[in-house]
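Me: I would like to go through this structure by question and answer. Please keep the reasoning short and finish each reply on the value or name.

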Amino acid sequence: MERTLTGISASPGIAIGSVRLLLWEVPDVPHAIIPDDAVDAEIARFHAARAEARQRLDQVRRRVEERAGATEAAIFEVQQMLLDDPTMLEEVESLIRHNVGAAQAFHQHMADWRQRYSRATDSYLRERVGDILDLEIRMLSVLLGLQDHDPLDIPSGQRVILVSHDLTPSLTVQLERSSITAIATDVGTRTSHVAILARSLGIPAVVGLRDATERLRGGELVILDGSAGTLNVNPTDEELALYRDRERLEAERAVDLAQLATADAVSTDGVEVVLLANVDVPEEAERAARSGARGVGLMRTEFLVLGRAQMPDEEEQYRAYRRVVEAFAGQPVMIRTFDIGGDKLPVGGFPQEANPFLGWRAIRMCLDQPELFKVQLRALIRAAVHGNVKILLPLIVSPSEVSDTVALLSESAAELEAIGVPHRDDVPLGVMVETPAAAVIADRLAPLVSFFSVGTNDLVQYTLAVDRGNVNLASRFTPMHPSVLRLIRRVVEVGISHGVEVAVCGEMASHPLTAYTLVGLGIRELSVAPRSVPVIKSLILGICVSRAEAAVRQALEVDTAAEAEEILRASLIAEVGDAGLLE
Ligand code: PEP
Ligand code: MG
């Protein structure tokens, strides 16, 4: 086997540790014929497995309850009820009596259930397919003794490098995060939600490894290099020594960079660039505030929903937003309304779509369900009482989406007013510019909003027609494509002429070369992963903005992303040397 597996860098940092494979999928179930005299023992084994699965579900329920509350944990009760279903018990026992092994008998029954439930006309029943699947995997992992099929088998206190095919929202809620030092997945790209989550949590990650779960067996010692996007399996002593050195240097650099926390990011020619943090998980707010960010440029609220069966209620949302707002005492906090859809799907209850990224997502879904949307709007204007909240709308393509939201905002304010709940009715509104449509009609959107935030992850995807989550297209996902640069430039120009602030909160802002490009395009506010705040700050302190602008003027005139990148790279290296490219 090749010793170095190469994927896509998703979250920087180095981790050295042992592999914990997590195969959350229905395993192959061998056909086992049970002799007559072993039938009773096999039935007993089946019930013992049920008892063990129940105990594990209890554990999951407690963990989820602590993190997300009792309502959310209730989904695991459904699985416990399924474990006691009398028809299931009768059928499985009867199959075992006909000499079918317990695993095979249970698997047959569950496959039948899955098929029937997925065809049900009642949406509640259809949504149970996920529960059935989870329960099937959990029971089979017990019956077949497959440790790598259960996230609960990762003991807390152990520091492992988690390798899985994908990290779905339903798995994410079950994981003991404190045991995971790094993440590696077969699928995904830099902008897929697992990558975003890893960056938010400050955990090194490599995605898009394609077949790491097939090549690894679990337990191997590996070096995960989140910046290079590699997984080095069974490293030699020299490699280990090299990486330990790098780890040490990175730690030293982090200490140096942390000293910049209080400094302003001002270029050598006196231009200030405001650095904000992307905060996706409320628990990260305090850490993000210490990074030296001057506020939050993007809070992705959908992470409150991922992995859950129900939307969080107004009170829970209010508390989550308030936590972030208070952590950033008085500094601006741009909270984005739910961007559910694309690759950020809640558990169950979401329609299957052929093209989710072009589908019923984000503002479309919210405006189509005003009651659900107003719960969030009310929570937001209530949290605004505690600080400087700005509301950010995702995936805007038309001015009417903004005016419809404004109408719902005033209804929400009136509802709170009527019951005497403190709130603000002057919360500034902004839009994500993340579709070519929004960039092209930025002049029509500008009069309706007080700020623009360019979402380069989607803007690149939609402009170049390259799926941001498709690992086979990763090399074609080129943020430096002149078409993208021109669209961003247009937004900056509209912002200047209409007095509307323009920030960038997509991935481009978090990496030195692309951040340099954005500054050259005229962007003066960058919102980046908390870990990147000091890195980008040190970049800004070392560059001359007028030189970046000159390089960008040339880049806007070339034909390809590669040429544009070359021009900007040369300019950046001429200013600060190769070190300027370090993340
Ligand atoms: C973007 O599209 O650039 C963005 C910041 O939003 P998300 O990555 O959540 O789609
Ligand atoms: Mg987006």
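Me: Which residue forms a salt bridge with Arg215?
Reply: The model is a predicted one. In it, Arg215 has 29% relative accessibility and counts as partly exposed. Its partner counts as partly exposed too, at 26%. The closest N and O atoms of the pair are 3.1 Å apart, and the partner is Asp211.

Me: In the salt bridge between Glu284 and Arg287, how far apart are the closest N and O atoms?
Reply: Glu284 counts as buried because its relative accessibility, 13%, falls under the 20% limit. Arg287, at 33%, counts as partly exposed. The closest N and O atoms of this salt bridge are separated by 2.7 Å.

Me: Is Glu42, which forms a salt bridge with Arg45, buried or exposed?
Reply: The closest N and O atoms of Arg45 and Glu42 are 3.1 Å apart. Both residues belong to helix α1 (residues 39-68), with 3 residues, about one turn of the helix, between their positions. Arg45 is partly exposed at 36% relative accessibility. For Glu42 the value is 10%, so the residue counts as buried.

Me: How many salt bridges does a search of the whole structure find?
Reply: Some residues are linked in a network of salt bridges, including Glu314, Glu371, Lys374, Arg378, Arg382 and Glu415. Glu315 and Glu411 also belong to that network. Over the whole structure, the number of salt bridges found is 39.

Me: Which residues are the protein donors of the magnesium ion (ligand 2)?
Reply: The donors lie 2.0 to 2.1 Å from the ion, one through OE and the other through OD. The pair links distant parts of the chain, 24 residues apart: one member is in the loop between β13 (429-433) and α17 (436-440), the other in helix α19 (residues 456-464). Both donors are buried. They are Glu434 and Asp458.

Me: Which helix gives the most residues to the largest nonpolar core?
Reply: This core has 97 residues, and those with the most contacts inside it include Tyr321, Ile391, Phe452 and Ile488. The helix that gives the most to the core supplies 7 residues and spans residues 482-498: α20.

Me: How many residues does the second, separate core have?
Reply: Val39, Ala49, Val78 and Leu89 are included in this core. Its number of residues is 35.

Me: What is the relative accessible area of Ser453?
Reply: Ser453 lies in strand β14 (residues 451-454). Leaving aside neighbours within four places in sequence, Ser453 is in contact with Gly297, Leu392, Val431, Met432, Val433, Ala503 and Cys505. Phe452 also touches Val431, Val433 and Ala503, among others. Ser453 is buried, and its relative accessible area is 0%.

Me: Why is helix α22 described as largely enclosed by the rest of the structure?
Reply: In α22 (residues 533-542), the buried residues are Val533, Pro534, Val535, Ile536, Lys537, Leu539 and Ile540. Among the elements that cover them are α11 (237-258), β9 (274-279), α21 (512-520), β16 (525-528) and α24 (561-576). The helix is largely enclosed because the buried share of its residues is 7 of the 10.

Conventions: Residues numbered from 1 in each chain as written. Chains lettered and ligands numbered in written order. Predicted model: local features only at pLDDT ≥ 70, side-chain atom pairs only at ≥ 80, totals over all residues. Heavy atoms only, no water. Salt bridge = Lys/Arg side-chain N within 4 Å of Asp/Glu carboxyl O. Helix = DSSP H or I, 4+ residues; strand = E, 2+ residues; numbered from the N terminus. Buried < 20%, exposed > 50% of the residue type's maximum accessible area, 1.4 Å probe, protein only. Donors = N, O, S within 2.8 Å, 3.2 Å for Na, K, Ca; no water. Core = buried A, V, L, I, M, F, W, Y, C linked by side-chain atoms within 4.5 Å. Contact = heavy atoms within 4.5 Å.
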